[in-house]
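Here are some short exercises to work through with the structure on your screen. Try each one yourself before reading the solution.

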Amino acid sequence: MDTKLVTPEKEQLLEQRLSLLKDIERLRETLRGEVDIDVEEGDPDVVEREKSVALLATIEARLASVDDALKSIERGTYGICDRCGNDIPAERLEVKPDATLCVSCQAEVERLRKRGIASPRTRWNPADFG
Ligand SMILES: [Zn+2]
């Protein structure tokens with residue numbers, strides 16, 4: 001892949017990374033401030049807290065994915081599917097710069113994940129496709 005094409009993606013990823021880190025920091029702050037062990041089940045505070053915890057997990061997963069994409073830029077494998085080794089279409093990378101899987105592999109992984117076969121952090125070693 002032409003390295004000239006990677007630079008704006010990398011900038012975008014670094015920006016995304018910073019904003020995700022800020023979100024994580026803010027959420028952790030919120031969660032720290034809401035430690036109240038006397039609240040009852042179904043309490044609006046508990047619901048809010050659970051929402052924040054779920055959101056935090058989502059953002060952390062997203063951050064991991066952005067980090068993976070940045071690593072793949074360093075390795076020179078950015079834009080190549082981690083699973084099948086095919087090029088990830090530029091349109092897909094535009095929409096999702098942290099994509100490390102092509103559309104069909106992503107769908108396959110989602111399917112496996114739903115069946116509980118692959119963990120969300122299951123990785124394929126890109127070195128296998130060298
Ligand atoms: Zn693929």
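**Exercise 1.** Does Arg62 count as buried, exposed or partly exposed, and why?

*Solution.* Keep in mind that you're looking at a predicted model. Start by finding the residue: Arg62 sits in helix α2. Next, count its surroundings: there are 13 or more but fewer than 20 neighbours in the partly exposed class, since 20 or more means buried and 12 or fewer means exposed. Arg62 has 16 C-beta neighbours inside 10 Å, so it counts as partly exposed. Finally, look across the chain: Leu20 is 42 residues away in sequence, yet its C-alpha is 7.9 Å from that of Arg62.

**Exercise 2.** Work out how far α2 reaches, which of its residues are buried, and what follows it.

*Solution.* Take the span to begin with. The helix has 32 residues, and from first C-alpha to last it covers 46 Å, close to the 46 Å expected at 1.5 Å a residue. Now pick out the buried positions: they are Ser65, Val66, Ala69, Ser72 and Ile73. A bit of background helps with that list: an α-helix has 3.6 residues a turn, so residues three or four places apart point the same way. Then step past the end of the helix, where you'll meet Gly76, with a positive phi near 80°.

**Exercise 3.** Where is Pro89 placed, and why does it count as partly exposed?

*Solution.* Trace the chain to the loop between α2 (44–75) and α3 (90–95), and there you'll find Pro89. It has 13 C-beta neighbours inside 10 Å, so it's partly exposed. Now check a partner: Gly79 is 10 residues from Pro89 in sequence, and their C-alpha atoms are 7.6 Å apart.

**Exercise 4.** Which residues make up the largest nonpolar core, and what does Cys81 touch?

*Solution.* The largest core has 6 members: Ile80, Cys81, Ile88, Ala99, Leu101 and Cys102. Zoom in on Cys81 next. Leaving out residues up to four places away in sequence, Cys81 touches Asn86, Ile88, Leu101, Cys102 and Cys105. Apart from that core lies another, of 5 residues, including Leu13, Ala69, Ile73 and Tyr78. As a general point, nonpolar side chains tend to be buried together in soluble globular proteins.

**Exercise 5.** Describe the chain as a whole: how many helices and strands does it have, and what share is buried?

*Solution.* Count the elements: 4 helices and 0 strands. Reading along the sequence gives α-α-α-α. For burial, the share is 15% of the 130 residues. To finish, look at the contacts with a separation of 6 or more: 57% of them join residues 24 or more positions apart.

Notes. Residues numbered from 1 in each chain as written. Predicted model: local features only at pLDDT ≥ 70, side-chain atom pairs only at ≥ 80, totals over all residues. Core = buried A, V, L, I, M, F, W, Y, C linked by C-beta atoms within 7 Å. Contact = placed C-beta atoms within 7 Å. Helix = DSSP H or I, 4+ residues; strand = E, 2+ residues; numbered from the N terminus. Expected span 1.5 Å × (residues − 1).
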